[in-house]
Amino acid sequence: MKQLSPAIILDRDGTLCRDAVYLSRFEDFEPLPAVDAALRLLQDEGYLLFVATNQSGVARGMFPLSTVEALNAQIGEYFLERGVLIEDFAVCPHHPEGTVPEYTRSCECRKPKPGMLLDLARKHGLDLSRSYMVGDMARDAEAGLAAGARAVLIPATGGEAAIAGVSSLDNNARLKEFKTLLDFARSVRGVDASHVC
Ligand SMILES: [Mg+2]
Ligand SMILES: [Zn+2]
């Protein structure tokens, strides 16, 4: 029987890259500082890397799902050129108030629901209890906790206040906040090092 892997599942917009509103073109992809270094550290610690992203622009008719998938492929190549393998990108194209009938509904995958994380876990054999969901919004953390993973919040500048208002996240021992992805990656390394000695 194959052993289940620990993973880091990352939000895309506002976590890997600057949160352009409805990012759809690679020209507008602006990675946040030191994100590739952080991902290399996490990868070296034995975590498989994934992305889980809400893309309601598809339901809203702003761009087709194929545009999201093409952009994700380019982002994957960008990181691969920097020594980082993102194993898979999960996308929720839905929204309850969309304009494209095919994608207009309440679904089980739009964060804060845990559907994308559960799907990735099934597809790739992940041990969610040893995994982290990392994002810049409260709904990212909520999805992670709902999936049985640990959650990491890296609020975008000015986003702390919004997160403080989410009561389900208060005093949750499985949720931690960091200023940058690199700070989180270093802390993971610190934790593992402490097990060795
Ligand atoms: Mg985000
Ligand atoms: Zn969905």
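**Reading a predicted model: core, metal site and pocket**

Q: Where is the place of I9?
A: I9 is in strand β1. The model is predicted, and what follows should be read as describing that model.

Q: How do I read burial; is I9 buried or exposed?
A: Burial is judged by relative accessible area, and under 20% counts as buried. I9 has a relative accessible area of 1%, so I9 is buried.

Q: Which residues is I9 in contact with, beyond its neighbours within four places in sequence?
A: The list is F50, V51, A52, L117, L120, L126, L128, Y132, M133 and V134. Contact does not follow from a C-alpha distance alone, so here is one such distance as well: contact means heavy atoms within 4.5 Å. The C-alpha atoms of I9 and I154 are separated by 13 Å, with their positions 145 residues apart along the chain.

Q: What should I look for in a nonpolar core, and how many residues has the largest one?
A: In soluble globular proteins, nonpolar side chains tend to be buried together. Here the largest nonpolar core has 31 residues, and I8, L16, L39, F79, V134, L181 and F184 have the most contacts inside it. Two or more residues come from each of β1 (7–10), α1 (35–44), β2, α2 (65–80), β3 (86–92), β4 (132–135) and α6 (181–196). A second, separate core of 16 residues includes A90, C92, M133 and A147.

Q: Which residues does F184 touch, not counting those up to four places away in sequence?
A: F184 touches I8, L42, Y132, V134, V152 and F178.

Q: How do I read a helix against its surroundings; which residues of α3 are buried?
A: List the buried positions, then ask what they pack against. In α3 (residues 115–124), G115, M116, L117, L120 and A121 are buried. These pack against β1, β2, β3, β4 and α4. After α3 comes G125, with a positive phi near 65°.

Q: What does A143 in helix α4 touch, leaving out residues up to four places away in sequence?
A: A143 touches K111, P112, K113, P114 and L117. Its relative accessibility is 0%, so A143 counts as buried. One of its touching residues, P112, follows a cis peptide bond from K111, with omega near 20°. P112 is in the loop between β3 and α3.

Q: Which residues coordinate the magnesium ion (ligand 1)?
A: For a metal, read the donors, the distances and the sequence spacing. D11 (OD), D13 (O) and D136 (OD) coordinate the ion at 2.1 to 2.2 Å. Their spacing in sequence is D-x1-D-x122-D. D11 is buried because its relative accessibility is 6%, and D13 is buried at 12%.

Q: How do I read a pocket; how many residues line the second largest one?
A: Rolling a probe the size of a water molecule over the atoms shows where empty space is left. The second largest pocket holds about 330 Å³ of space. Its lining has 19 residues, with D13, D19, Y22, N54 and R139 nearest the centre. By class the lining has five nonpolar, five polar and nine charged residues. β2 (48–54) and α4 (138–146) each supply at least two of them.

Q: Which loop holds Y22, and what is its phi?
A: Y22 is in the loop between β1 and α1. Its phi is positive, about 50°, although Y22 is not a glycine. At 32% relative accessibility, Y22 counts as partly exposed. A34 lies in the loop between β1 and α1, has a positive phi of about 65° and counts as partly exposed at 34%.

Methods
Residues are numbered from 1 along each chain as its sequence is written. Chains are lettered from A and ligands numbered from 1 in the order in which they are written. This is a predicted model: local features need pLDDT of at least 70, side-chain atom pairs count only at pLDDT 80 or more; totals for chains, interfaces and linings use all residues. Side-chain values use heavy atoms; hydrogens and water are left out. On a 1 Å grid over the protein atoms alone, a cavity is a set of points where a 1.4 Å probe fits but cannot get out, and a pocket is an open set with protein on both sides within 12 Å along at least five of seven lines; lining residues have an atom within 4 Å of a point. Grid points are joined across faces, edges and corners, and a volume is the space filled by probe spheres set on the points. Ala, Val, Leu, Ile, Met, Phe, Trp, Tyr, Cys and Pro count as nonpolar, Asp, Glu, Lys and Arg as charged, and the others, Gly among them, as polar. A nonpolar core is a set of buried Ala, Val, Leu, Ile, Met, Phe, Trp, Tyr and Cys residues joined through side-chain atoms within 4.5 Å. Buried means under 20% relative accessible area, exposed over 50%, partly exposed in between (1.4 Å probe, protein chains only). Donors are N, O and S atoms within 2.8 Å of the metal (3.2 Å for Na, K and Ca); water is not among the atoms, so sites may look incomplete.
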